[in-house]
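Here are my notes for a first look at this structure. Please read them with the model open beside you.

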Amino acid sequence: MRMRSVAAIAAAGTLAVLAAVPAHATEYRSALKIKGIQYDAPGRDSNNCTTGNTDEEYLTIKNYSSGTTVNLKGYVVKDKAGNKFTFSRNHYLQPGDYVKLRGGHGTDSDRNNVVYRNNCNFMWNNDKDTIYVYKPSGSGADSHAYTKSGNDPDGNGYITFHG
(Lines give C-alpha, C1' and ligand atoms only; values in the text may rest on other atoms or scores of the structure.)
Protein backbone atom coordinates (compact mmCIF):
# COMPACT_ATOMS: atom_id res chain seq x y z
CA MET A 1 0.00 0.00 0.00
CA ARG A 2 2.72 2.42 0.92
CA MET A 3 4.45 1.89 -2.46
CA ARG A 4 1.26 2.80 -4.30
CA SER A 5 0.91 5.98 -2.25
CA VAL A 6 4.48 7.02 -3.00
CA ALA A 7 3.94 6.30 -6.71
CA ALA A 8 0.70 8.28 -6.72
CA ILE A 9 2.40 11.22 -5.01
CA ALA A 10 5.29 11.09 -7.48
CA ALA A 11 2.86 10.94 -10.43
CA ALA A 12 0.89 13.88 -9.06
CA GLY A 13 4.12 15.86 -8.63
CA THR A 14 5.13 15.08 -12.20
CA LEU A 15 1.73 16.22 -13.47
CA ALA A 16 2.04 19.45 -11.51
CA VAL A 17 5.45 20.13 -13.07
CA LEU A 18 4.15 19.30 -16.57
CA ALA A 19 1.15 21.57 -16.06
CA ALA A 20 3.47 24.46 -15.19
CA VAL A 21 5.30 24.18 -18.56
CA PRO A 22 3.16 25.23 -21.55
CA ALA A 23 2.85 22.21 -23.84
CA HIS A 24 1.61 24.20 -26.82
CA ALA A 25 4.78 26.03 -27.87
CA THR A 26 8.54 26.13 -27.60
CA GLU A 27 10.03 29.60 -27.84
CA TYR A 28 13.18 29.84 -29.91
CA ARG A 29 15.36 32.82 -30.65
CA SER A 30 14.29 33.16 -34.25
CA ALA A 31 12.90 35.93 -36.44
CA LEU A 32 10.83 33.35 -38.28
CA LYS A 33 7.64 32.29 -36.47
CA ILE A 34 4.43 30.47 -37.24
CA LYS A 35 1.81 33.20 -37.58
CA GLY A 36 -1.10 30.80 -37.99
CA ILE A 37 -2.44 27.68 -39.62
CA GLN A 38 -5.50 26.73 -41.63
CA TYR A 39 -5.28 23.13 -40.44
CA ASP A 40 -8.75 22.14 -41.65
CA ALA A 41 -9.51 23.20 -45.21
CA PRO A 42 -13.03 24.60 -45.67
CA GLY A 43 -15.51 22.06 -47.00
CA ARG A 44 -15.16 18.32 -47.22
CA ASP A 45 -11.53 17.17 -47.36
CA SER A 46 -10.51 15.84 -50.77
CA ASN A 47 -6.91 15.19 -51.74
CA ASN A 48 -7.76 14.66 -55.41
CA CYS A 49 -5.04 16.54 -57.30
CA THR A 50 -7.51 17.90 -59.88
CA THR A 51 -10.61 18.73 -57.87
CA GLY A 52 -9.43 18.52 -54.25
CA ASN A 53 -8.97 21.28 -51.67
CA THR A 54 -5.50 20.63 -50.24
CA ASP A 55 -4.48 24.10 -51.44
CA GLU A 56 -6.93 25.53 -48.89
CA GLU A 57 -4.84 24.05 -46.07
CA TYR A 58 -1.90 26.32 -45.32
CA LEU A 59 0.68 27.39 -42.79
CA THR A 60 1.55 31.08 -42.52
CA ILE A 61 5.17 31.79 -41.58
CA LYS A 62 6.21 35.36 -40.87
CA ASN A 63 9.51 37.21 -40.49
CA TYR A 64 9.06 39.11 -37.21
CA SER A 65 12.48 40.76 -37.47
CA SER A 66 12.62 44.54 -37.63
CA GLY A 67 15.67 44.63 -39.88
CA THR A 68 16.76 41.22 -41.18
CA THR A 69 15.70 39.54 -44.43
CA VAL A 70 15.33 35.76 -44.11
CA ASN A 71 15.89 33.36 -47.01
CA LEU A 72 13.66 30.30 -46.53
CA LYS A 73 15.87 28.02 -48.63
CA GLY A 74 16.79 25.04 -46.47
CA TYR A 75 14.11 25.65 -43.81
CA VAL A 76 12.10 22.54 -42.97
CA VAL A 77 8.46 22.28 -41.85
CA LYS A 78 7.32 19.03 -40.20
CA ASP A 79 4.28 17.63 -38.47
CA LYS A 80 4.23 15.27 -35.49
CA ALA A 81 4.03 12.18 -37.73
CA GLY A 82 7.24 13.22 -39.53
CA ASN A 83 5.69 14.47 -42.78
CA LYS A 84 7.94 17.24 -43.97
CA PHE A 85 8.46 19.94 -46.52
CA THR A 86 11.82 21.53 -47.26
CA PHE A 87 12.03 24.95 -48.90
CA SER A 88 14.34 23.99 -51.77
CA ARG A 89 14.46 27.37 -53.54
CA ASN A 90 15.32 30.89 -52.51
CA HIS A 91 12.30 32.67 -51.07
CA TYR A 92 13.14 35.90 -49.30
CA LEU A 93 11.02 37.31 -46.50
CA GLN A 94 11.64 40.98 -45.81
CA PRO A 95 11.04 42.20 -42.23
CA GLY A 96 7.32 41.89 -41.51
CA ASP A 97 6.71 39.78 -44.64
CA TYR A 98 5.07 36.34 -44.61
CA VAL A 99 4.57 33.29 -46.80
CA LYS A 100 1.67 30.85 -46.99
CA LEU A 101 2.88 27.27 -47.41
CA ARG A 102 -0.05 25.60 -49.18
CA GLY A 103 -0.82 22.01 -50.05
CA GLY A 104 -1.60 20.95 -53.59
CA HIS A 105 0.08 22.16 -56.75
CA GLY A 106 0.65 25.70 -57.90
CA THR A 107 3.22 28.28 -58.86
CA ASP A 108 5.42 29.59 -56.08
CA SER A 109 5.42 33.37 -55.96
CA ASP A 110 7.38 35.90 -53.90
CA ARG A 111 4.96 38.58 -55.09
CA ASN A 112 1.91 36.63 -53.92
CA ASN A 113 3.62 35.29 -50.77
CA VAL A 114 2.90 31.65 -51.57
CA VAL A 115 4.85 28.41 -51.81
CA TYR A 116 3.18 25.10 -52.72
CA ARG A 117 4.18 21.76 -51.25
CA ASN A 118 3.41 20.11 -54.63
CA ASN A 119 1.75 17.29 -52.74
CA CYS A 120 -1.99 16.64 -52.81
CA ASN A 121 -2.07 14.92 -49.41
CA PHE A 122 -3.17 16.89 -46.38
CA MET A 123 -0.30 17.48 -43.96
CA TRP A 124 -2.12 18.72 -40.85
CA ASN A 125 -4.55 16.65 -38.82
CA ASN A 126 -8.03 18.08 -38.32
CA ASP A 127 -8.21 17.16 -34.63
CA LYS A 128 -4.69 17.79 -33.30
CA ASP A 129 -1.11 17.98 -34.46
CA THR A 130 2.26 19.59 -33.80
CA ILE A 131 3.99 21.97 -36.23
CA TYR A 132 7.78 22.24 -36.26
CA VAL A 133 9.87 24.74 -38.23
CA TYR A 134 13.61 24.11 -38.42
CA LYS A 135 16.38 26.38 -39.63
CA PRO A 136 18.73 25.10 -42.36
CA SER A 137 21.23 24.33 -39.58
CA GLY A 138 18.71 21.90 -38.06
CA SER A 139 18.05 24.00 -34.97
CA GLY A 140 14.48 24.90 -34.06
CA ALA A 141 12.89 28.11 -35.33
CA ASP A 142 9.35 27.64 -33.93
CA SER A 143 6.90 24.92 -32.92
CA HIS A 144 3.30 24.74 -31.81
CA ALA A 145 0.94 21.95 -30.84
CA TYR A 146 -2.78 22.41 -31.33
CA THR A 147 -6.05 20.68 -30.68
CA LYS A 148 -9.27 21.57 -32.42
CA SER A 149 -11.15 21.69 -29.11
CA GLY A 150 -8.46 23.63 -27.23
CA ASN A 151 -7.21 26.15 -29.79
CA ASP A 152 -10.04 26.75 -32.26
CA PRO A 153 -13.06 27.93 -30.24
CA ASP A 154 -15.00 29.17 -33.28
CA GLY A 155 -14.36 25.90 -35.15
CA ASN A 156 -13.36 27.56 -38.43
CA GLY A 157 -10.21 25.45 -38.87
CA TYR A 158 -7.82 28.41 -38.43
CA ILE A 159 -5.59 29.09 -35.43
CA THR A 160 -3.43 32.19 -34.84
CA PHE A 161 -0.20 31.66 -32.89
CA HIS A 162 1.75 34.90 -33.34
CA GLY A 163 -0.41 37.85 -34.42
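The points below go from the whole chain to single residues.

1. **Status of the model.** This is a predicted model. Please keep that in mind at every point.

2. **Overall make-up.** The chain contains two helices and twelve strands. Read from the N terminus, the order is α-β-β-β-β-β-β-β-β-β-β-β-α-β. A helix therefore opens the series, and a strand closes it after the second helix.

3. **Burial and surface.** The chain has 163 residues, and 37% of them count as buried. About 9,500 Å² of the chain is exposed. Carbon and sulfur atoms supply 50% of that area.

4. **Long-range contacts.** Take the contacts between residues at least 6 apart in sequence: 58% of them join residues at least 24 apart. Several of the points below give individual links across the sequence.

5. **The main core.** Which residues have the most contacts inside the largest nonpolar core? They are I37, L59, V77, F87 and W124, in a core of 24 residues. Strand 2, strand 3, strand 8, strand 10 and strand 11 each give at least two residues to this core. Strand 2 has the largest share, with three residues.

6. **F87 in detail.** F87 is one of the core residues with the most contacts. Beyond its neighbours within four places in sequence, F87 is in contact with I61, L72, K73, G74, Y75, V77, L101 and V115. V77 is also on the list of core residues with the most contacts. F87 forms an aromatic pair with F85 as well. The two ring centres lie 5.0 Å apart, with 85° between the planes, and the pair is edge-to-face. Both F85 and F87 are buried.

7. **Aromatic pairs.** The count of aromatic pairs is four. One of them is Y39 with Y146. The ring centres are 4.9 Å apart and the planes meet at 40°, so this pair is tilted. A tilted pair has planes that are neither under 30 degrees apart nor over 60. Y39 sits in the loop between strand 2 (32–38) and strand 3 (58–63), while Y146 belongs to strand 11 (residues 140–147). The pair links distant parts of the chain, 107 residues apart. Y39 and Y146 are both buried.

8. **The disulfide.** There is one disulfide. It joins C49 to C120, with the sulfur atoms 2.1 Å apart. The link is right-handed, at 125° about the S-S bond. Where do the two cysteines sit? C49 is in the loop between strand 2 and strand 3, and C120 is in the loop between strand 9 and strand 10. They are 71 residues apart. Is C49 buried or exposed? C49 counts as exposed because its relative accessibility is 53%, and exposed means over 50%. C120, at 6%, counts as buried.

9. **T54.** T54 is also in the loop between strand 2 and strand 3. T54 counts as buried because its relative accessibility is 3%, and the limit for buried is under 20%. The T54 side chain reaches the backbone nitrogen of G104 at 3.2 Å. Leaving out residues up to four places away in sequence, T54 touches S46, N47, G103, G104, N119, C120, N121 and F122. That list includes C120, one end of the disulfide.

10. **Two asparagines with positive phi.** N113 has a positive phi of about 55° although it is not a glycine. N118 likewise has a positive phi of about 55° and is not a glycine. N113 lies in the loop between strand 8 (98–102) and strand 9 (114–116). N118 lies in the loop between strand 9 and strand 10 (128–134). N113 counts as buried, at 13% relative accessibility, whereas N118 is partly exposed, at 42%.

11. **T68.** T68 is placed in the loop between strand 3 and strand 4 (70–71). Its relative accessibility is 46%, so T68 counts as partly exposed. T68 and A31 are 37 residues apart in sequence and 8.1 Å apart in space, C-alpha to C-alpha. Not counting residues up to four places away in sequence, T68 touches N63, L93 and P95.

Definitions and conventions: Residues numbered from 1 in each chain as written. Predicted model: local features only at pLDDT ≥ 70, side-chain atom pairs only at ≥ 80, totals over all residues. Heavy atoms only, no water. Helix = DSSP H or I, 4+ residues; strand = E, 2+ residues; numbered from the N terminus. Buried < 20%, exposed > 50% of the residue type's maximum accessible area, 1.4 Å probe, protein only. Phe/Tyr/Trp six-rings, centres within 6.5 Å; stacked < 30°, edge-to-face > 60°. Polar contact = N/O pair within 3.5 Å; in protein donor to acceptor, adjacent residues only side chain to side chain. Contact = heavy atoms within 4.5 Å. Core = buried A, V, L, I, M, F, W, Y, C linked by side-chain atoms within 4.5 Å. Areas by Shrake-Rupley, 256 points an atom, 1.4 Å probe, with all protein chains shown as cover. Disulfide = S-S within 2.5 Å.
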